[in-house]
Amino acid sequence: MTITEQCITIGLCALGTQICRFLPFILFSGKSRLPHCIEYLGKALPLAVFGMLVVYCLKDVSFVQNDYGLPEMIAVIATALIHVLKRNMMLSIALGTAIYMVLVQFVFVG
């Protein structure tokens with residue numbers, strides 16, 4: 001790929017990304033009310049993404065070998081408790097990740 005082709009490719013990717021970012025604001029701007037399906041997605045998708053993240057993170061955990069999934073379960077419970085207490089998804093994810101990393105690096109050293 002020549003430098004010109006690389007620049008064109010990067011430019012097109014940047015343009016496509018910007019269109020995806022700005023299009024909802026252009027389509028749904030103004031004083032009109034959002035369609036019900038968009039309001040529903042705004043409420044349902046954050047919880048669905050969080051649920052998928054939990055499933056993805058726990059898919060390879062073995063509950064019959066080594067630590068029996070204890071670091072993972074402790075981190076999941078801590079994350080849930082932090083979220084219930086603080087109601088801040090970013091804080092609960094960050095602290096849950098930090099707790100898990102401390103557990104696997106220093107407590108459950110294999």
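A residue counts as buried when its relative accessible area is under 20%, and as exposed when that area is over 50%. The legends below refer to a predicted model.

**Figure 1. Ser92 in helix H4.** Ser92 belongs to the helix that covers residues 89–107. The relative accessibility of Ser92 is 0%, so this residue is classed as buried. From its side chain, Ser92 reaches the backbone oxygen of Met89 at a distance of 2.9 Å. When neighbours within four places in sequence are set aside, the contacts of Ser92 are Thr79, Ile82 and His83.

**Figure 2. Thr79 in helix H3.** The helix shown here runs over residues 70–86, and Thr79 is part of it. Thr79 has a relative accessibility of 14% and is therefore buried, the cut-off being under 20%. Beyond its neighbours within four places in sequence, Thr79 is in contact with Phe50, Ser92, Ile93 and Gly96. Of these partners, Ser92 lies in H4, and the contact with Thr79 is also listed from the side of Ser92.

**Figure 3. Gly51 in helix H2.** Gly51 sits in the helix formed by residues 36–58. With a relative accessible area of 32%, Gly51 is partly exposed, because that class lies between the buried and exposed cut-offs. The view also includes His83, which is 32 residues from Gly51 in sequence. The C-alpha atoms of Gly51 and His83 are separated by 13 Å. His83 is one of the residues in contact with Ser92.

**Figure 4. Phe108 in the segment after H4.** Phe108 follows the helix of residues 89–107. Not counting residues up to four places away in sequence, Phe108 touches Asp67, Leu70, Pro71, Ile74 and Leu103. For Pro71, the C-alpha to C-alpha distance to Phe108 is 7.3 Å, at a sequence separation of 37 residues.

**Figure 5. Two loop residues with positive phi, Asn66 and Arg87.** Most residues other than glycine have a negative phi. Asn66 is not a glycine, yet its phi is positive, at about 50°. This residue is located in the loop between H2 and H3. Its relative accessible area is 70%, so Asn66 is exposed. Arg87, also a residue other than glycine, has a positive phi near 55°. The loop between H3 and H4 holds Arg87. At 63% relative accessibility, Arg87 is likewise exposed.

**Figure 6. The whole chain, as context for the close-up views.** The chain contains 4 helices and 0 strands, and its elements are ordered α-α-α-α from the N terminus on. Its radius of gyration is 21 Å, whereas a compact globule of 110 residues would have a value near 13 Å. The C-alpha trace spans about 50 × 50 × 25 Å along the principal axes. Of the 110 residues, 11% are buried; Ser92 and Thr79 are among the buried residues. For contacts between residues at least 6 apart in sequence, 40% join residues at least 24 apart. The exposed area is about 9100 Å², with 72% of it supplied by carbon and sulfur atoms. There are 7 positive and 5 negative side chains, and 20 Å separates the centres of the two sets.

Methods. Residues numbered from 1 in each chain as written. Predicted model: local features only at pLDDT ≥ 70, side-chain atom pairs only at ≥ 80, totals over all residues. Heavy atoms only, no water. Helix = DSSP H or I, 4+ residues; strand = E, 2+ residues; numbered from the N terminus. Buried < 20%, exposed > 50% of the residue type's maximum accessible area, 1.4 Å probe, protein only. Polar contact = N/O pair within 3.5 Å; in protein donor to acceptor, adjacent residues only side chain to side chain. Contact = heavy atoms within 4.5 Å. Rg over C-alpha atoms; globule rule 2.2 N^0.38 Å. Areas by Shrake-Rupley, 256 points an atom, 1.4 Å probe, with all protein chains shown as cover. Lys, Arg positive; Asp, Glu negative; His and termini not counted. Charge placed at Lys NZ, Arg CZ, Asp CG, Glu CD.
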